[in-house]
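I opened the model today and kept notes on what I looked up, beginning with one helix and ending with the cores.

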Amino acid sequence: MIKLLEYLVDKSIEAPDEKVTQFEIGVAVLNKSQKNFDPTYDPIIRIHARRLRKYLHQYYDVSTDQNEIVISMPKGQYGLTFNYPQFTYAEKIEKSHNEDFQNTIAISDFKDFRIKRHNDDLTNYLKEDILLELSLFKHFNVLNSHEDSRFLIDGFLTNEKEKFRISIKLIDQTSSQIIWSKNVTFQYSEEEILSLEESIAKPISRTIADVNGIICGRMYSQTDWTKKFSLNTYSTYLHFYKYHINSNEETATELIPIIEKLVNQEPNFASGWAILCNLYADLFVYTLDKKTLSKALESGRKSVNQDANDQNGLLHYAYALMLNNQIHNAKKLIEQLLNLNNNALFYTGCAGWLYCLMGDFSIGFKLLSNTIKRNPLSPEWFYIGTFIYYVNENQIDMAHLEALKMNDHNLIYTPLLKLISFQLNGSYSKAKKQLPKIIALKPDFEQNYSNYICCLFKHPKTQDILISSIQEIVNA
């Protein structure tokens, strides 16, 4: 670790504008082979970098020297930054240890209880696959030592008749409680072993580590937000865990001043700006107030400028750009988002949702339906995207089924999609019953329904179909 720190300090001082790569570190510090080392598949550099970030953080948290230069390694890069501390000793102690511990996860060595042993090193393959997949989720710190982590993945391999069974459990080490478990049975064959990443490692990582996964849900329910001094990236995800699942105007209005206060305290906090962008963009959809869209665009720009590799920022800024009819720029950000980590189901689902809204129905529906299929906890507003896909395909019965999956009565699109689907199905009396529900949420709807449609749905054909359906009911 000392050798790594010395190397990075020298590189950052000698060439501060040059990007330090995993390959360079592996060869120079860990004596990896220039011919065989591939950091895409070997996570050792990312693991060491996380440990170094942790040690630097711990050192400065207990240091009382107010004049020392603070060395840090920003997430997403391997170069170091040097600056003077901005917090007092007491403030740093208040801010630090608990939050750094909350988002840590490790994997123990899986046990092999097979009666007939195979010289296949299968348990190690499985552990490494899960480790690699977990490392793609930026809001987690994946540790090498399970003694230092809050959450632990443990498991074993055994026989079950002619098949093998992998049993995996997730443990909260603060209480020794098993909070999730899963058994996976498979045939023993070379093809099955080679597919472990797709069939086991990826689904398990998504279930555990996604934004609306097991750990985020547990942490959200256990956190007392009134006692937070400051929110880091991970706790920001948790703070808005419920909002991601159940978004509406009332909650957005309530959360905006909280996040505005946060980013005013920490103006370089990219994830805070990303969440603020999302809230303002949603508020524009709910109210059609263009001032909120301007604030969404400004917040999104700040987020992406501060961290161009943060999926959270890329997603919400793309959303704001789409609402502002900057479709080409929005699609570029979505492509960048998917290239970073297409294993994060929530983000791939959101990308598919945005594609559908912009009229790229084929790729959008593929991403969106895959997310909904694999993650039953997907937010119900995802069905807005699948609904307009089926409308565009003239599969009205399927569109109607998607509309019926919307149950959030605080969201205008719940009765709106039902009104449209009933109208398209010829059930005019049922469609008219949805209109008072919409007007109760939006009293100006009858005067502004075309604006409410065009603000979110950007494909001309989709706009025409939806507006014509509403117009027929409103004018009846």
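**A kinked helix**

I looked along α12 and found a kink of about 30° at L255, shortly before the proline P257; the bend at a residue is the angle between axes fitted to the seven residues ending there and the seven starting there. Helices (H or I, at least four residues) and strands (E, at least two) are DSSP runs, numbered from the N terminus. I noted that this is a predicted model, in which local features need pLDDT of at least 70 and side-chain atom pairs count only at pLDDT 80 or more, while totals for chains, interfaces and linings use all residues. Residues are numbered from 1 along each chain as its sequence is written, and side-chain values use heavy atoms, with hydrogens and water left out.

I then listed the buried residues of α12 (under 20% relative accessible area, 1.4 Å probe, protein chains only), which are A252, L255, I256, I259, L262 and V263.

**A hairpin**

I followed β7 (residues 163–172) and β8 (residues 177–187), which pair in the antiparallel sense over ten bridges; pairing requires at least two bridges found by DSSP. L170 stands opposite W180 in β8, and among the four residues between the strands, S176 takes a positive phi near 60°.

**The cores**

I looked up the largest nonpolar core (buried Ala, Val, Leu, Ile, Met, Phe, Trp, Tyr and Cys residues joined through side-chain atoms within 4.5 Å), and it has 118 residues, with I105, I153, L354, Y413 and L456 having the most contacts inside it. Helix α13 (residues 270–287) gives the largest share of this core, eleven residues. A second, separate core of 16 residues includes V20, I45, L52 and L80.

How values were computed:
Buried means under 20% relative accessible area, exposed over 50%, partly exposed in between (1.4 Å probe, protein chains only).
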